[in-house]
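This report covers confidence, strand pairing and nonpolar cores. The parts to be read with caution come at the start.

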Amino acid sequence: MSRLALVSLLILYAGTLRGQETPAQEQSEVVRLLLRKVDALEKRVAELEQKQGEQTVAAPDDGGAAPKTGDAASDPTAAPARAGTAMDEHDHASANPASEERYPSLRIRGFGDINFSATDNRTQHSGFNMRQFTLHLASPLSKKITYFGEIALTAQPTSFSVELERSLIRYDYDDYFKISFGRYHTPVNYWNTAFHHGLWLQTTISRPDMIQFGGAFLPVHFVGVLAEGSIPSGALGLAYDAGVGNGRGPNLLRPGDTGDVNSNRAWLANLYARPPKLDGLQVGGSVYQDKINPGKGADFQELITAAHVIWNKESPEFLAEFANVRHRNLITSQTFNNQAFYIQLAYRLPGEARPWKPYYRYDYIFTPANEPVFGLLDVERSTLGVRYDISDLAAFKAEYRNTRQPNKSRVNGLFLQTSFTF
Amino acid sequence: MRTKIIFRIAVLSCLFLAAAGVADQRRKDTDLAVVVNPDTPVTNLNVTELRKIFRGERQYWSKNMPVVLLVRAPVSRERDAVVRDICQMTESQFKQYWIARILRAEAVSSPIVVTSSQSANDVVATIPGAITVLDMRDVRPGLKVLRVNNLLPADSGYSISMEHP
């Protein structure tokens with residue numbers, strides 16, 4: 001009999017051990033059960049309220065039958081959400097959904113990053129740097145009008161510079177037509193609009209060379225009017241952007257914030273497809289044209305054609321973009337074609353190693369000899385790194401870069417970053 | 001004596017395994033209902049359309065009626081179904097996806113979170129254009145339950161469900 005008791009104890013102990021194998025799952029299960037209990041209690045309260053005659057019975061809608069015809073029914077107009085039971089995903093909105101109707105309703109999100117760099121180029125300083133602190137502002141002004149803003153504080157040798165990166169107001173007619181006015185991230189490049197100052201969102205530490213902050217190859221910002229929307233296209237999942245604006249300013253790195261430097265508007269068109277059947281794929285192309293005055297004695301017509309292929313699932317992740325920037329001298333008609341591309345591959349590891357995401361990117365920029373607008377921008381760079389997500393909202397990244405430029409010795413560098421959103 | 005003990009062990013083992021089997025059988029799928037405010041001008045969606053809606057890619061039911069997304073709080077089975085089965089993401093990816101949409105000025109905010117089916121019912125009933133996913137047994141009469149691929153919850157072949165203990 002004692003053996004039987006021993007066996008029973010062993011079985012029970014084994015069962016207990018099995019239960020202890022996954023404490024997190026058990027905890028989740030408890031929370032689920034509690035939520036279910038809350039649901040049941042709320043249902044019971046509703047039943048009691050109904051019995052007290054405080055609510056009226058609503059007739060079932062013709063549009064769809066409720067699968068269960070329980071006793072409880074309520075008057076929608078008499079049933080506002082309880083305070084504290086509904087909130088924005090990230091707790092920016094008020095707890096009461098009725099506040100969704102209040103305008104304006106400002107929401108703020110921030111991005112930050114802290115970096116370390118060291119290279120074998122003796123002309124560059126190594127060490128820590130703060131790079132950028134960015135605040136994104138979004139505020140609905142009415143059911144169909146929204147304001148978006150973005151302010152960046154960038155570390156400089158003597159202080160932080162403040163820049164209004166974006167400021168735009170958008171009117172939504174429907175999903176097919178939305179029009180906005182202001183200062184944008186130019187939608188001529190996928191990376192520029194997908195990540196921009198949200199360094200935590202991008203897999204790598206740095207942006208591709210073709211769209212670097214402070215780079216001239218592509219216009220990073222655009223001041224003007226932009227129409228956007230989806231195009232009814234079934235399996236293709238097409239969408240567009242089309243805009244008219246000031247184009248590049250007297251300093252090619254900046255848009256014409258105070259006006260069009262040559263009273264000749266730039267225009268752009270961007271068309272891309274996200275086929276629903278191939279979830280994660282985006283393929284697109286864009287065109288941008290402007291007349292620029294680089295201050296070198298001649299005006300140039302700038303024509304940018306670009307294309308991208310993106311697979312934004314993380315296992316694997318694939319990003320490839322190409323751009324050709326053609327400058328035509330409007331006096332001599334001489335043309336110069338500058339090309340740039342990058343290919344990035346990354347892979348989110350499975351299972352317990354899921355926080356880890358190794359990656360590789362190859363960047364290339366070619367500018368022809370005597371290029372009159374850009375000068376020499378040639379670069380060839382390999383970046384090999386790994387990202388580790390500390391939490392859902394913060395990441396560590398480490399990467400090695402190997403850079404080659406004409407008439408310069410090869411540069412090897414180690415770069416570290418922690419980036420986050422708050 | 002030894003035979004008796006072996007017999008008892010065998011009986012106990014059978015009982016243990018049977019109990020475990022019963023526990024597993026209790027975990028069955030329960031269909032989830034896609035519920036919208038009664039004024040919403042739609043009665044049927046396919047899964048692809050539903051994905052576009054819960055990813056915020058479709059933002060308007062009609063010219064004057066924006067889509068208002070409601071999801072249950074993390075850990076609830078209804079949310080798991082929305083994030084994993086409809087949006088085909090992990091919880092982390094879902095969170096990151098909405099932060100990215102806001103950064104790109106594609107959305108003002110992420111979906112409204114409701115902490116119980118009662119409040120989900122209340123909010124859907126109150127806000128025009130509201131949509132959520134609920135355990136079919138929790139749907140309050142008077143709300144509109146959408147067909148998914150022309151099927152209602154409990155119909156054979158209905159595609160949105162959750163594992164229910």
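In this predicted model, residues 19–27 of chain B have pLDDT under 50 throughout, and the model gives them three contacts beyond four places in sequence. Where pLDDT is low, the predicted coordinates should not be read in detail. Among the elements of chain B, helix H1 (residues 2–26) has the lowest mean pLDDT, 57, while strand E3 (residues 60–62) has the highest, 95. Over chain B as a whole the mean pLDDT is 85, with 81% of its residues at 70 or more. For the complex, the predictor reports an ipTM of 0.79 and a pTM of 0.78.

Helix H2 of chain B spans residues 47–54, and its buried residues are B:Leu50, B:Lys52, B:Ile53 and B:Phe54. After H2(B) comes B:Gly56, with a positive phi near 75°.

Chain A contains three helices and 18 strands. Of its 422 residues, 32% are buried. Among contacts in chain A with a separation of 6 or more, 48% are between residues 24 or more positions apart.

Strand E15 of chain A (residues 356–366) pairs with two strands, E14(A) and E16(A).

| Strand paired with E15(A) | Residues | Sense | Bridges |
|---|---|---|---|
| E14(A) | 335–346 | antiparallel | eight |
| E16(A) | 379–391 | antiparallel | 10 |

In E15(A), A:Tyr360 is the bridge partner of A:Leu345, and A:Lys357 stands opposite A:Arg387 of E16(A). Which residues of E15(A) lie on the covered face, and which on the uncovered one? The covered face consists of A:Lys357, A:Tyr359, A:Arg361, A:Asp363 and A:Ile365. The uncovered face has A:Trp356, A:Pro358, A:Tyr360, A:Tyr362, A:Tyr364 and A:Phe366. In a regular strand the side chains alternate between the two faces of the sheet. Thus A:Lys357, opposite A:Arg387, belongs to the covered face, whereas A:Tyr360, the partner of A:Leu345, belongs to the uncovered one.

The largest nonpolar core has 57 residues, and those with the most contacts inside it are B:Val34, B:Val35, B:Leu70 and B:Val124. Leaving aside residues up to four places away in sequence, B:Val124 touches B:Val35, B:Val36, B:Asn37, B:Leu70, B:Ala130, B:Thr132 and B:Leu143. A second core, separate from this one, has 24 residues, including A:Ile211, A:Phe217, A:Ala323 and A:Phe341. In soluble globular proteins, nonpolar side chains tend to be buried together.

Technical notes
Residues numbered from 1 in each chain as written. Chains lettered and ligands numbered in written order. Predicted model: local features only at pLDDT ≥ 70, side-chain atom pairs only at ≥ 80, totals over all residues. Buried ≥ 20, exposed ≤ 12 C-beta atoms within 10 Å, placed from the backbone. Helix = DSSP H or I, 4+ residues; strand = E, 2+ residues; numbered from the N terminus. Pairing = 2+ DSSP bridges. Contact = placed C-beta atoms within 7 Å. Core = buried A, V, L, I, M, F, W, Y, C linked by C-beta atoms within 7 Å. pLDDT = per-residue confidence, 0-100.
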